[in-house]
Amino acid sequence: MNAKSWFSLYRLLIRTSIRSRMQYKFNFVLASVLAALIQISEFLMVAIVLYKFGAIQGWSLYEIGYLFAVITLSKTLYRTFADEVHHLEKYLVGGELDQLLTRPLPVLLTLMPQSFRIMLGEVLQGGFLLCWSLGAMMSRGQVNWVSVPLTLLAICTGAVIMFSIGLATATIGFWTTRITELQNITEDAARTAAQYPLSLYPKWLSSLLLIVIPVGLVNYVPALYILRGELGPWVPGVVAVAAGLCLYGSLRFWQFGITKYQSTGS
Amino acid sequence: MNIEVTEIRKQFKTPVTREGRFAGLRTLFSRDYIVKEAVRGISFQVDSGEFIGYIGPNGAGKSTTIKMLTGILHPTSGKVLLGGMDPHKERRQTVRRLGVVFGQRSGLWWDLPVKDSYDILTEMYGVTPADKKRRLDQFAELLDLHEFWATPVRKLSLGQRMRADLAAAMLHDPDLLFLDEPTIGLDVNAKRNIRQFLKILNEQFGKTILLTTHDMDDIEQLCKRVMVINEGQLSYDGTTQGLRDSIGLPTLFRVAFRGAFHIPEHFQASLSERNNPIISSSLINMPIHVTKVQDNIVTVEANRQEWSTMDILRELEGWGEIDDIDMEEPDFEDVIHRVY
Amino acid sequence: MLYFTLASKAYARNLQYRGAHMVHNIASAMFGYMYACIWIGLGKDHVLGDYGTQGMVSYIAFTQSSLWISGFITNGLGIPQAVRTGLISLDLLRPVHLFTHLMAREWGQIAYQFLYKSLPIYLLYVVVFRLQFSGSWLTLIYVGVGLFGAAYLAICMNYLIGVSAMWTTESSWLHWGNHAMINLLAGFFIPLEWLPDWLERFAWLTPYPYLLYVPTRIFLGFGDVSLLWGTLFWCALMTSGCLLATQWLRRKVEVQGG
């Protein structure tokens, strides 16, 4: 099977998923709006503090809104297309991975189209925060229109980085079977940490978030350049290369891990 | 497509689970394993067009064997060839020619209507639209798919899901079909449906089929050949009739006598002292013995390996005037219990 | 005695997963650590009210640990799942009141989480942030009462959320909404007095401040012990709410057959 027919397979899956979701249009829209509101409460929590105290170590409310928005949208992009990678534990415990191994495709490419998730709530929340924060910074003259394509690029490279982190974590499941707790550290806690400027954290933690679990490269490092003109114009390029390396590394790890797969049962 | 299996073994290593504080972390980094050998050197050959039953008690290594044959698990040692191809070295090319159905779980997309799953599988296996239409029309008729064509898979009954799964496994027209407990949990009707379909696949389309099951009716109605696995090793490989004979379960004769009858001493002894293990075990070796006398009806167990049916009838005639006689073949289920 | 058995079974069931939970604790501790870092960052440029930077770090350490007592308890006490599988009619058949039955089970869960989650996480913060406790034994007793009331309130609130699953399939939204409210109104990250005025007044009209803010204030030695009367008031109100909801639920199940 070649790449072209794989993409047409994926398109088919997206079409059918959307169609089946749209059977309950009202429920779907209501659920998405509620999800957006609930998720924004976490930002609101910090926004209230910033509103009272002004800035955190020189980072304004808008800049932190931007960090929130970029990492949310990156995560949304990753989870939309590869949600099942995050849910590999279900396949390992229930033995559903067996069925995937009987398909004439690389396992990862059979796993990803198992489901396609429409995350309208996250798109609404991230999109709203991004427009609000970038709009405010533009009207104050802090950034210009160039920041828009750069931000979109950062969201895409960020999605690749988060996918790599997710894939590497999931691969550990081939040894341990249970991965939920580990994902809580490498995906949830790390992502929450990256919602704030890494300079707030002690050296060991910020280095960890830049090198070992590189969520800092998703939003913090690009924001340093895009919003504040720090570092240099090489930032987007270097981040893209780093994303490529992460992807390569995690794919190799996945390929190794899958040879260790022990199916459940006898 | 033929199957060639030589001396396959599978060992599972499970890490020793630690107790106490930080048990999870310590287990994660521990290097101690318990090695369990699930399959211990199995060899067999299957020719194109055969229909084979693969049976054994739970935990005997049935599923592990199937998983090694289909390329899901790598054998620790030994070799598997499907139509001359190694399903582990050339997994993608080999599985293209296989159809696999796991009775316990579905290969369809849970939230999507049945037909959408077929669309996706069509793309996945690169089936042409013309072939897809022709095959689906055929299966839809044989398996009555139309009644749940647009229903999401999660809402199907177990029988419907199984039919949908079978059609899905046949969509790319594989030569070889592996079925792991395809009739598990189904009612009589659904079982009959599935068996009919499998029979057609084997007899009219010439598909090679290997099936595991706990339902002996599946074996008796479908398979000419049967393999029995026990504790990771093959304990029988031959015809279904041969399996029945080799165990030598007794045939039951229920004889109604008209008027008086007389049972010879040496056969009668078995009645009163049947509970005595020493005597009853020696009686098993007798060609016939009486198990029950009620009014004028006498029940006799006979081992037809030693005496032919005619011999037995002749003996029974000697006891009195026979009014009616009723013969019962051993139940296949019992045959299997003897093997395990 | 039955209730004690139910609670100890729930406790023992969790014990099996101790190892995995310890890994989970690392993640939970990291969340609190990050929030503390934000306050430390703020404290460098601003005066943090009565608390001071060290006081805010203690504040976060305490709320993050207490989340395992009054925040993260079984979603809807497991009722939504029982409704989906139809087990709810079986549960209503038992000769025990549904509310007390589920509550006993949840107390076991909370006892486990207190010992294996709250305590280790708080002790970790004591070491990392060099926290000190200057209060008396009496303070600790008041804190204990406050936390006990908070756990009871959390059980009641989750019971009500769970019961709503009988009427709507979307009750998981109530669950998430509840979490959002804990973030904002229970004073998990910001002490209530720093909320905008209208939001603060609104928060005090709800039971949320009694889940985290009240026990934390007492623990930090700000001495508002009289606030515990509020906890008592809400406990009484919630209990009658739960009993009423059970009656409605029973009628609904009888009419609908579960």
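D215(B) counts as buried, at 13% relative accessibility. In this predicted model, the side chain of D215(B) takes part in a salt bridge with K191(B), and the closest N and O atoms are 2.8 Å apart. The two partners come from distant parts of the chain, 24 residues apart. K191(B) sits in helix 7 of chain B, which covers residues 188-203. D215(B) lies in the loop between strand 7 (208-212) and helix 8 (216-222) of chain B. The pairing does not stand alone. Salt bridges with shared partners join K191(B), R195(B), D215(B) and D218(B) into one network.

A further salt bridge in chain B links R97(B) and D175(B), at 3.1 Å from N to O. This pair also connects distant parts of the chain, with the two positions 78 residues apart in numbering. R97(B) belongs to the loop between helix 3 and strand 5 of chain B. D175(B) belongs to the loop between helix 6 (158-170) and strand 6 (176-180) of chain B. R97(B) is partly exposed, because its relative accessibility is 33%. D175(B) is partly exposed as well, at 27%. Over all chains, the count comes to 32 salt bridges. Side chains of opposite charge can pair when their charged atoms come close.

Chain A offers a salt bridge within one helix. The side chains of R191(A) and D188(A) meet at 3.7 Å, N to O. Both residues are in helix 9 of chain A, 3 residues apart, so about one helical turn separates them. R191(A) counts as buried, with a relative accessibility of 15%. D188(A) is partly exposed, with a relative accessible area of 23%.

N184(A) is also placed in helix 9 of chain A, which spans residues 180-193. N184(A) counts as buried, because its relative accessibility of 16% is under the 20% limit. Leaving aside residues up to four places away in sequence, N184(A) touches A189(A), H24(C), A27(C) and F31(C). The contacts of N184(A) thus include residues of chain C.

The interface between chain C and chain A was examined next. The contact takes 35 residues from chain C and 32 residues from chain A. The size of an interface is often given as the accessible area lost when the parts come together. Here the buried area is about 3000 Å², and carbon and sulfur atoms give 79% of this area. The rule finds 0 salt bridges across this interface. It finds 4 residue pairs in polar contact, with both residues at pLDDT 80 or more. On the side of chain C that touches chain A, helix 2 (18-45) and helix 8 (171-185) of chain C each supply at least two residues. Helix 2 of chain C gives the largest share of that side, 17 residues. The residues on this side of chain C divide into 27 nonpolar, 5 polar and 3 charged.

The UniProt record, an unreviewed entry, annotates chain C with the feature "transmembrane region". The record places the feature at residues 21-42, 110-128, 140-161, 173-195 and 226-246. In the model, residues 21-42 of chain C are 100% helix and 0% strand. The end C-alpha atoms of this span lie 32 Å apart. Residues 226-246 of chain C are 90% helix and 0% strand, and their end C-alpha atoms lie 31 Å apart.

The interface between chain B and chain A takes 31 residues from chain B and 33 residues from chain A. The buried area is about 3000 Å², of which carbon and sulfur atoms give 57%. Across this interface the rule finds 2 salt bridges. One salt bridge between these chains joins the side chains of R105(B) and D98(A), at 3.5 Å from N to O. The rule also finds 9 residue pairs in polar contact, both residues being at pLDDT 80 or more. Several elements of chain B give two or more residues to the side that touches chain A. They are strand 1 (3-15), helix 2 (62-69), helix 3 (91-95), strand 5 (98-102) and helix 4 (114-125). Helix 4 of chain B gives the largest share, 8 residues. The residues on this side of chain B divide into 13 nonpolar, 6 polar and 12 charged.

Technical notes. Residues are numbered from 1 along each chain as its sequence is written. Chains are lettered from A and ligands numbered from 1 in the order in which they are written. This is a predicted model: local features need pLDDT of at least 70, side-chain atom pairs count only at pLDDT 80 or more; totals for chains, interfaces and linings use all residues. Side-chain values use heavy atoms; hydrogens and water are left out. Contact means heavy atoms within 4.5 Å. Buried area is the accessible area (1.4 Å probe) that two parts lose on being put together, summed over both. A salt bridge is a side-chain nitrogen of Lys or Arg within 4 Å of a carboxyl oxygen of Asp or Glu. A polar contact is a pair of N or O atoms within 3.5 Å; within protein, one must be able to donate a hydrogen and the other to accept it, and residues adjacent in sequence count only if both atoms are side-chain atoms. Helices (H or I, at least four residues) and strands (E, at least two) are DSSP runs, numbered from the N terminus. Ala, Val, Leu, Ile, Met, Phe, Trp, Tyr, Cys and Pro count as nonpolar, Asp, Glu, Lys and Arg as charged, and the others, Gly among them, as polar. Buried means under 20% relative accessible area, exposed over 50%, partly exposed in between (1.4 Å probe, protein chains only). UniProt positions are given in the numbering used here, feature names are shortened, and annotations may be inferred rather than shown by experiment.
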